[in-house]
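Let's go through some of the labels used for this structure and see how each one is earned. Have the sequence and the model open beside you.

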Amino acid sequence: MKISYNWLKEYVKTDLSPEEAGKLLTGCGLEVESIEKAETVKGGLEGMVVGEVKTKEKHPDADRLNLTTVDIGTGELLHIVCGAANVEAGQKVVIATVGAKLYPATGEPFEIKKSKIRGAVSEGMICAEDEIGLGTSHAGIIVLDADAIPGTPAKEYFKIEEDYTIEIGLTPNRADAASHVGVARDLVAVLNTHEISGGEHLMLQLPDVEAFRVDNTSSKIEVTVEDPIACPRYSGLSISNVKVAESPEWIKNRLKTIGIRPINNIVDITNYVLHELGQPMHAFDADKIKGGKVIVKKLADKTKFKTLDETERELSSEDLMICDAEGGMCIAGVFGGMESGVSENTTNIFLESAYFNSTSVRKSAKRHGLKTDASFRFERGTDPNMTVYALKRAALLIKEIAGGEISSEIIDLYPKKVENFKVPFSFEKCDRLIGKHIDLEIIKKIILSLGIDIEHEGHDALLLSIPPFKVDVTREQDVIEEVLRIYGYNNIEIPTALNSSLSFSEKPDKEKIQNAIADLLSNNGFSEMMNLSLTKEEYSLKVKSINPEHNVKMLNPLSSDLNVLRQSLLFSGLEIIAYNQNRKSADLKLYEFGKTYMAVKGEPVKYVETKHLSLFVSGRKTEESWNAKNDAVSFYSLKGAVNAVLERLGIDVKMNEISSDLFSAGLSYAWNKKTIVEFGAVSKTVLKSMDIKNEVFYADFNWDLILEAVKKGKALMYTEVPKFPEVKRDLALLIDKAVKFEQLEQLAYQSEKALLKSVNLFDVYEGDKLPAGKKSYALSFIIQDENATLTDKQIEKIMEKLMKTYQEKAGAEIR
């Protein structure tokens with residue numbers, strides 16, 4: 001949510017800088033994500049001044065250029081070459097001096113430099129409105145009023161306003177702060193609590209609506225609410241003889257600062273009031289309301305309705321609609337209709353200010369895929385007591401800016417009033433939950449500053465009346481949280497005493513194991529990443545290994561990019577790799593502990609949640625350096641990390657080949673006949689779909705199975721360094737392509753169980769020089785006797801046994 005700082009200061013009188021105010025807002029729970037300088041004209045017309053053209057004569061070498069001298073109030077005339085046809089001596093104009101940076105309406109910014117144009121010196125530029133962002137016309141230079149004074153900064157002449165856009169990461173429970181007044185209320189509370197305003201007690205400055213008067217009652221629009229549950233309160237009034245036109249600069253500037261595009265004075269005022277008070281409003285063209293009736297009701301299922309974006313939508317029988325005598329005019333609280341909106345020909349309007357049920361609005365907005373400023377607020381809960389006040393505020397602004405007369409009494413249908421929440425508040429419980437004693441007067445000051453009334457005050461407790469705009473404050477602990485956030489989390493000291501109790505924890509300690517592996521990976525150059533469990537549904541369509549039918553879908557997704565729970569950690573990691581590679585950071589070693597989710601069909605549906613550890617390596621092995629090779633990471637870089645994890649946990653595994661469209665090549669390790677990790681080179685098809693150019697190697701550990709293996713496995717034990725040397729021998733085998741290394745490894749251990757320590761495949765060859773269907777494997781064997789030195793005879797006997805086994809059981813030819 002965006003806030004204009006100048007606008008905010010209309011409701012709270014303060015001299016704080018935007019940065020100081022931002023710190024206070026963040027401290028009270030309204031996290032400020034960014035503060036950016038905003039100007040009504042980009043660049044603020046810096047380096048531009050009012051000038052007077054003193055002389056004009058034709059350029060001797062160019063028919064369309066003029067040589068001018070211009071007075072900009074410095075005592076020296078500037079020589080400027082100008083190509084505009086309307087330039088004349090005596091004019092007051094806008095001059096961009098040397099060094100000024102221009103931001104044109106179209107095209108890239110550019111800087112004014114002293115130059116020669118066809119041999120004539122030019123010391124600046126006489127500007128057209130599109131060249132400096134004041135408009136779009138390029139018909140000629142801007143000619144100012146005759147009384148403009150040379151040397152006056154253009155910024156001052158055009159009254160360019162400087163403002164700051166404060167972007168707040170508003171949490172869903174803070175509907176009360178979804179407006180400038182709401183934010184100002186919190187800021188006033190903080191300033192008063194900590195006496196930052198110099199001891200002066202500040203008040204929230206609300207707009208004055210005392211001047212509201214009904215001019216006549218000529219409008220006869222009737223309002224009926226057929227569904228008071230979906231619409232507990234509906235207020236409206238008519239305004240006649242308005243003139244729809246462009247809004248004044250001050251309103252346009254306020255809206256532009258918070259990213260709202262001005263449309264016309266009527267629509268802009270409804271948007272202004274929405275962002276000022278948090279009350280969504282809608283203006284109908286009263287002459288288009290058929291039958292002179294406004295009916296709040298639900299229409300038949302599959303009714304067609306065209307919205308403002310010119311899209312024909314199919315309504316649900318659950319959609320609340322604002323209708324006239326013949327049909328729908330607006331999806332209540334969500335989006336207006338194409339036929340009933342305000343246009344440049346509108347002269348009479350009906351202004352709506354309502355309180356709609358948040359659930360009803362949320363479901364309609366979700367159903368039609370619409371996210372509007374109005375639905376954003378209605379979904380979270382608006383203030384039912386604000387509708388009439390907002391009507392008066394908007395009506396006064398419309399009369400001031402668009403003219404017209406208020407031509408009806410305020411219609412206010414409010415059959416069942418929303419009552420304030422009555423909450424008892426204990427000072428003792430407040431101190432206990434916060435962990436600090438706060439002075440009672442400070443607590444009461446905070447409560448009153450937030451708009452909460454104290455109905456009754458006892459010795460150690462209060463009875464509070466909480467207005468309904470505080471939609472998330474309905475219990476005593478909610479009030480305590482309000483007190484804490486205004487008092488300041490940073491003002492609660494860390495206690496010096498630590499209370500603890502003995503507890504039994506299941507072995508092995510899951511957190512301890514995870515931390516041990518995290519330390520291992522971090523110490524070996526890996527960086528930990530954390531990703532959302534929510535992801536795009538389309539990822540499950542990229543590979544066959546992930547079944548879209550097993551997606552756990554969100555009923556109310558934040559966006560189409562976050563509409564399902566992930567079935568794999570792969571795509572979350574690839575998003576991070578793509579992000580980094582696009583920013584020239586391609587050498588990556590990453591890991592993540594996270595969960596995956598699956599929905600298995602059945603009656604009922606079974607949801608499976610599994611924890612995983614993922615590893616990613618891509619780019620170069622080491623940073624570029626004069627004393628290091630510039631080698632790229634490989635499958636073996638990843639394999640080393642996978643083996644290190646398993647060795648650190650003391651898990652013995654068996655190796656298998658894998659066939660998965662996630663990998664172009666890879667292996668898997670199994671424990672207890674269950675796959676504990678899969679790893680390899682990510683498929684080029686997958687990488688291309690993620691726009692990743694570098695090769696990426698990925699490992700996926702089933703962490704739940706890892707913990708099971710650790711629990712059932714043997715504890716790591718210290719082994720003394722062998723006193724007797726090991727011996728290495730190699731064999732080259734010609735075997736069928738169907739034979740796997742795993743088979744050869746198993747045969748080797750079956751052949752020699754006592755002295756054979758390890759088997760390694762160090763070379764594979766397949767080519768035209770070999771017989772069809774054959775491949776060549778080069779194996780190395782480590783042989784060691786821990787109690788004596790091996791003799792040549794022992795070694796030869798072992799190797800002969802191995803060769804015989806391979807020849808008989810694997811059909812191998814010894815090369």
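**From value to label**

Q: What makes Ser179 count as buried or exposed in this predicted model?
A: Ser179 has a relative accessible area of 4%. Buried means under 20%, so Ser179 is called buried. Its place is in the loop between S12 and H4.

Q: Which residues is Ser179 in contact with, leaving aside its neighbours within four places in sequence?
A: They are Met1, Ile3, Leu274, His275, Glu276, Leu277 and Gly278. Contact here means heavy atoms within 4.5 Å.

Q: Why is the pair Arg174 and Asp186 called a salt bridge?
A: The side chains of Arg174 and Asp186 meet at 2.8 Å, N to O. The cut-off is within 4 Å, for a side-chain nitrogen of Lys or Arg and a carboxyl oxygen of Asp or Glu, so the pair qualifies. Arg174 lies in the loop between strand S12 (162-168) and helix H4 (180-193), and Asp186 lies in helix H4, so the pair ties together parts that are 12 residues apart in sequence. Both Arg174 and Asp186 are buried.

Q: Which residues are linked with Arg174 and Asp186 in a network of salt bridges?
A: The network also includes Asp176, Lys470, Glu482 and Arg485. By the salt-bridge rule, the count comes to 47 salt bridges.

Q: How do you know that Glu314 and Lys304 form a salt bridge?
A: Their side chains meet at 3.0 Å, N to O, and the rule asks for a distance within 4 Å. The pair links distant parts of the chain, with Glu314 in strand S18 (residues 312-314) and Lys304 in strand S17 (residues 304-306), 10 residues apart. Glu314 has a relative accessible area of 41%. Partly exposed is the label between under 20% and over 50%, so Glu314 is partly exposed.

Q: What makes Arg475 and Asp478 a salt bridge, and which labels do the two residues get for accessibility?
A: The side chains of Arg475 and Asp478 meet at 3.1 Å, N to O, where the rule asks for within 4 Å. Arg475, at 45% relative accessibility, counts as partly exposed, whereas Asp478, with a relative accessible area of 9%, is buried.

Q: Why does Glu481 count as partly exposed?
A: Glu481 has 42% relative accessibility. Buried would need a value under 20% and exposed a value over 50%, so Glu481 is partly exposed. Its place is in helix H12 (residues 476-487). Glu481 and Glu246 are 235 residues apart in sequence and 45 Å apart in space, C-alpha to C-alpha.

Q: How do you know that helix H6 and helix H9 pack, and which residues meet?
A: Helix H6 (residues 265-277) and helix H9 (residues 387-402) have their axes 10 Å apart, at an angle of about 140 degrees. Asn265, Ile266, Ile269, Tyr272, Val273, Glu276 and Leu277 in H6 meet residues of H9, among them Tyr389, Ala390, Arg393 and Leu397. The residues of this contact divide into 12 nonpolar, 1 polar and 2 charged. H6 passes H9 in a right-handed crossing.

Q: Why is Cys28 not in a disulfide?
A: The closest cysteine sulfur to that of Cys28 is in Cys430, 17 Å away, which is too far for a bond. A disulfide needs two cysteine sulfur atoms within 2.5 Å. Cys28 is buried, with a relative accessible area of 1%. Cys82 is in no disulfide either, as the nearest cysteine sulfur, that of Cys127, is 9.4 Å away. Cys82 is buried too, with a relative accessible area of 4%. A search of the whole structure finds 0 disulfides.

Q: What makes the peptide bond that joins Glu603 and Pro604 stand out?
A: The bond is cis, with omega about -5 degrees. Most peptide bonds are trans. Pro604 is in the loop between strand S32 (588-600) and strand S33 (606-618).

Q: What is notable about phi in Lys159 and in Asp691?
A: Lys159 has a positive phi of about 55 degrees although it is not a glycine, and Asp691 has a positive phi of about 60 degrees, again without being a glycine. Most residues other than glycine have a negative phi. Lys159 lies in the loop between helix H3 (154-157) and S12. With a relative accessible area of 71%, Lys159 is exposed, since exposed means over 50%. Asp691 lies in the loop between helix H16 (684-689) and strand S37 (696-702).

Terms used:
Residues numbered from 1 in each chain as written. Predicted model: local features only at pLDDT ≥ 70, side-chain atom pairs only at ≥ 80, totals over all residues. Heavy atoms only, no water. Helix = DSSP H or I, 4+ residues; strand = E, 2+ residues; numbered from the N terminus. Buried < 20%, exposed > 50% of the residue type's maximum accessible area, 1.4 Å probe, protein only. Axes fitted to C-alpha atoms, helices over the stretch in contact; angles between N-to-C directions. Left-handed = near helix turned anticlockwise from the far one by under 90°. Nonpolar A, V, L, I, M, F, W, Y, C, P; charged D, E, K, R; others polar.
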